[in-house]
Amino acid sequence: MHNNHEESIEAVTKMSLQFLAEAIGQCPAGLESSTNRDIVFAVLGFQYGAVQSGAYVAGLDETASASITEDVVRRINGMDRESVSQFLALMPRLAEKGYPPIGLGGKAIIAFYNSTTDEEKLATSGSLREILRQIDAS
């Protein structure tokens, strides 16, 4: 049982990193150095939603889910633990309020995982780019 739990954690981490790397790779260059708070929160919310959804589907508990989310967000963005913790502390409250990037990230990773073709995977991972386009338009 313990080994199965560890394998689930490893699988969710790997899937999340793969999905988020693909999603970020489709976004404008320099995204990681953006100082626009709307963009930063949208990207981190999308990432949070994706990892949380992946962990939920894998049947992981809240503690494991939080740990994976912190690890993935830190690694994918090159952030230190303190910065990640500060942002992630806000995410549950934003999720309760229905912050759209969180929900979109959660749906997109499931669609990515269930995709049978590279074209479908590409389409699902492009949802972050669409969020950023909407922020730029407003």
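1. Charge distribution: the protein carries 11 positive and 18 negative side chains, and the centres of the two sets lie 4 Å apart. Lys and Arg are counted as positive and Asp and Glu as negative, with His and the chain ends left out, and each charge is placed at NZ of Lys, CZ of Arg, CG of Asp or CD of Glu.

2. Basis of the values: this is a predicted model, in which local features need pLDDT of at least 70 and side-chain atom pairs count only at pLDDT 80 or more, whereas totals for chains, interfaces and linings use all residues. Residues are numbered from 1 along each chain as its sequence is written, and side-chain values use heavy atoms, without hydrogens and water.

3. Secondary structure: the protein contains seven helices and zero strands, where helices are DSSP runs of H or I with at least four residues and strands are runs of E with at least two, numbered from the N terminus.

4. Overall dimensions: the radius of gyration is 14 Å, which agrees with the value near 14 Å for a compact globule of 138 residues; the radius is taken over C-alpha atoms, and the globule rule is 2.2 Å times the number of residues to the power 0.38. Along the principal axes, the C-alpha atoms fill a box of roughly 50 × 35 × 25 Å.

5. Thr 13: this residue lies in helix α1 (residues 2-25) and is buried, with a relative accessible area of 11%; buried means under 20%, exposed over 50% and partly exposed in between, using a 1.4 Å probe and protein chains only. Leaving aside residues up to four places away in sequence, Thr 13 touches Ile 68, Asp 71, Val 72 and Arg 75, a contact being heavy atoms within 4.5 Å.
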